[in-house]
Amino acid sequence: MVRVCGSDAGIPGVASQNIGISESTYHVLKKLRHPEYEKKDLGLDAEGKKIYIVHQQDKGREAQPVDYYDHYVPIDTPILYTGPVCELFSPNLFPAEFTHDLTITSYYIRQIAGEETDSLTGVLSQGERENLIVFSDAYFEKAKDEWKVTNPLTGKILTEEEFKAEGLKPNQGPTKLVLIKAGKKVLKELSPELSAFKERHRQEEKYDTKVKNSYLKTEIKEQADAEIQMRKSMALFLTAAFFFASVLLLGIKMMTEKRVNVRRAQFLNCMGMKKKERMSLLRSEMRIYYILTVVISGALSAGLVSGSLKARLYETPDVNELLKVLVPLAVCEMVLFGIAVWILTEWNIRRIEKKVCEV
């Protein structure tokens with residue numbers, strides 16, 4: 001792996017640090033994660049201008065940008081540097097050159113050849129940091145060592161003496177992704193080793209406390225599960241709130257129109273229309289109201305869901321799993337709303353007919 005930093009590196013606590021890997025490594029990780037995966041062309045180039053991004057996060061969230069400083073370039077062309085964080089760098093230093101000359105510094109404007117949402121090494125920072133930036137094999141072999149002799153501010157290749165003379169002391173930190181699978185007992189025995197490892201690489205964590213050198217799966221899983229449960233609770237609360245708000249508005253509509261409906265019912269009664277026909281007329285009006293409400297809300301919901309699926313890079317299996325939940329939920333909500341409309345309609349009809357009988 002190689003550290004990949006965004007152009008926001010000079011902003012304390014915001015440095016977008018990601019994990020750069022080769023295309024070959026991506027295919028290996030993808031096959032391990034998904035045994036059914038078939039190797040595909042990612043459309044990468046030997047110059048490293050085109051990248052493929054794996055947003056490592058919960059698929060229920062919109063994919064986060066890999067470069068948070070997007071003032072000068074669109075979000076789909078991030079400015080990335082394959083190397084350690086350069087604290088002195090800021091896009092403000094070269095605003096004009098960034099839009100014309102892509103070689104003014106070692107921070108290059110990249111083009112996103114493709115992207116997906118998946119967890120190949122872990123959702124360590126839920127997409128805010130530590131996503132996978134995939135380079136072609138040819139560029140990765142060059143980039144993993146080039147930073148050691150490159151001035152990140154000018155892009156100039158320096159000799160070892162020039163490098164030291166300019167006071168550049170980049171610290172790449174860990175260069176390997178390591179997965180330790182162990183039980184609680186073994187993990188306890190490894191605790192001193194992990195603590196020593198973190199202490200040796202504490203310097204890399206100063207750029208951003210969210211980017212750690214080692215993680216425990218249990219901690220990450222607990223955080224992710226807690227966040228998912230909170231969002232589920234909020235979604236259910238909002239669904240219930242909107243449902244009861246709809247029923248309340250329907251009740252208010254009936255109350256405000258009561259006087260008009262009573263006078264119309266009295267007129268129709270004087271004209272000889274039977275009670276059964278008058279009740280049928282009111283029911284048909286509310287039936288149309290119900291159908292229009294369901295059709296309009298269904299169309300808007302379908303558009304919103306479709307846009308959300310696209311923004312979250314959902315694949316066909318993900319869409320199918322989601323629809324298994326959404327479709328029954330939508331049907332249940334329509335049925336419950338229909339029952340509420342029927343109850344309110346019958347209650348309203350009885351109130352109106354009672355007034356007619358009093359005349």
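Let's start with V331. At 40% relative accessibility, this residue counts as partly exposed, because the partly exposed class runs from 20% to 50%. Keep in mind that this is a predicted model.

Where is V331? Helix α9 holds it, and that helix covers residues 316-358. V331 also belongs to a nonpolar patch on the surface. The other members are L323, V327, M334, V335, L336, I339, W342 and I343. Together, the patch residues have about 820 Å² of accessible area.

Now the whole chain. There are 359 residues, and 36% of them count as buried. The secondary structure comes to 9 helices and 7 strands. The chain exposes about 21,900 Å². Carbon and sulfur atoms supply 62% of that area. On contacts, take residues at least 6 apart in sequence: 76% of those contacts join residues at least 24 apart.

Next, E130. This one sits in the loop between β6, residues 111-117, and β7, residues 132-135. E130 is buried, yet it has no salt bridge. Which side chain of opposite charge is nearest to E130? That is R3, 7.2 Å away.

So what does the E130 side chain make polar contacts with? One partner is the side chain of S125, at 2.7 Å. Another is the side chain of Y215, at 2.6 Å.

Both partners also turn up among the residues that E130 touches, leaving out those up to four places away in sequence. The rest of that list is Q17, N18, I19, Q56, L124, K210, V211 and K212.

That's the tour: a surface patch on the nonpolar side, and a buried glutamate, E130, without a salt bridge.

Definitions and conventions. Residues numbered from 1 in each chain as written. Predicted model: local features only at pLDDT ≥ 70, side-chain atom pairs only at ≥ 80, totals over all residues. Heavy atoms only, no water. Patch = residues over 30% accessible without salt bridge, like charges linked within 9 Å, V, L, I, M, F, W, Y side chains within 5 Å. Areas by Shrake-Rupley, 256 points an atom, 1.4 Å probe, with all protein chains shown as cover. Salt bridge = Lys/Arg side-chain N within 4 Å of Asp/Glu carboxyl O. Helix = DSSP H or I, 4+ residues; strand = E, 2+ residues; numbered from the N terminus. Buried < 20%, exposed > 50% of the residue type's maximum accessible area, 1.4 Å probe, protein only. Lys, Arg positive; Asp, Glu negative; His and termini not counted. Polar contact = N/O pair within 3.5 Å; in protein donor to acceptor, adjacent residues only side chain to side chain. Contact = heavy atoms within 4.5 Å.
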